[in-house]
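Here are my notes on this model, set out point by point. Please read them with the coordinates open.

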Amino acid sequence: MATIRFHSLAESAYLWTAIHVADEKGVDYEVVPLTPGSHEHLALHPFGKMPAFQHGAVVLYETLAIAHYIDRAFAGRPLQPVDALGQAEVLRWISIINSYVFPTMNRFMKERLVRPAFGFAPDEAFLAEARAGLLLQMRLIDEAVAEGGFLVGSEMTLADSFLLPQLLFFTRTPEGSALLARSPAASEWLSRMQARPSYAKSPMSGVFEMFQRLNVEDTLLWAVD
């Protein structure tokens, strides 16, 4: 039996973040599928989100809490700085990703790629309105990783695990690809993250390969500069 369990659908981006943390710490795990909205699901996560987490008698939900627990409960290189400012920077970036990056990048990717792939029209108004937020987010990410190589300093932290699935799939869109091309530090960061064993082991790498095969209209919806 695996040391820890994640209860989730396999394609959850936040599951991928939690798995990435576990792989960076060298903790073995298994993913237990859930039926969304089921009694079992809501018993583990009353808000109906994913993943939920189990380690013996410990049951947690919310990915920040899960990631923090895995980092502190198991041996291996710490994924959070020990100093107060470093910890604050990690929490600040996770808050930015959860509050701004995920709602924009994740939805943009789905509207731009997933809905057309299934024959549905995208929300054109959202795609247009997302431009300003995406330009700001990419600028801030590029500036942050240019300083030390990762979002907070010269070592990978929990913040990088939260950003990876969001930026990775956003760059599959024409606009995301164009923004990455003009963000050299962010581009190098993404390449380094994909080169880590934790990415190769993750189910997100296989899903990303599938996304590479999608037929995407490469005409930009808006200028990236």
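1. Start of helix 1. A side-chain oxygen of Ser12 comes to within 3.3 Å of the backbone nitrogen of Tyr14, at the start of helix 1. Keep in mind that this is a predicted model.

2. Body and end of helix 1. Helix 1 covers residues 13-25, which makes 13 residues. From its first C-alpha to its last it reaches 19 Å. That is close to the 18 Å expected at 1.5 Å a residue. Helix 1 is mostly covered, with 13 of its 13 residues buried. Just after the helix comes Gly26, with a positive phi of about 75 degrees.

3. The sheet. There are 4 strands in an open sheet, in the order 2-1-3-4, and the pairing is mixed. Which strands stand at the edges? They are strand 2 (29-32) and strand 4 (58-61). Each has a single partner strand, so one side of each is left without a neighbour in the sheet. From one strand to the next, the twist averages 20 degrees.

4. Strand 1 with strand 3. Strands pair through backbone hydrogen bonds, in either a parallel or an antiparallel manner. Here, strand 1 (residues 4-7) and strand 3 (residues 52-55) take the antiparallel sense, over 3 bridges. To check the register, look at Arg5: its bridge partner in strand 3 is Gln54.

5. Helix 3 on the sheet. Helix 3 (residues 63-73) packs on the sheet. It touches strand 1, strand 3 and strand 4. The direction of helix 3 makes about 135 degrees with that of strand 4.

6. Strand 3 with strand 4. This pair is also worth a look. Strand 3 and strand 4 pair in the antiparallel sense over 4 bridges. Gln54 stands opposite Val59 in strand 4, and Gln54 is also the bridge partner of Arg5. The two strands, 3 and 4, form a hairpin with 2 residues between them. In the turn, Gly56 has a positive phi of about 60 degrees.

7. Helix 6. Where does helix 6 bend? The bend is at Leu164, by about 35 degrees, in a helix that runs over residues 158-170. A proline, Pro165, follows within four residues. Is helix 6 enclosed or open? Of its 13 residues, 13 are buried, so helix 6 is largely enclosed by the rest of the structure.

How values were computed
Residues are numbered from 1 along each chain as its sequence is written. This is a predicted model: local features need pLDDT of at least 70, side-chain atom pairs count only at pLDDT 80 or more; totals for chains, interfaces and linings use all residues. Side-chain values use heavy atoms; hydrogens and water are left out. Two strands pair if DSSP finds at least two bridges between them. Axes are lines fitted to C-alpha atoms, for helices over the stretch in contact, and angles run from 0 to 180 degrees between N-to-C directions. Contact means heavy atoms within 4.5 Å. The bend at a residue is the angle between axes fitted to the seven residues ending there and the seven starting there. Buried means under 20% relative accessible area, exposed over 50%, partly exposed in between (1.4 Å probe, protein chains only). The expected span of a helix is 1.5 Å times one less than its number of residues. A polar contact is a pair of N or O atoms within 3.5 Å; within protein, one must be able to donate a hydrogen and the other to accept it, and residues adjacent in sequence count only if both atoms are side-chain atoms.
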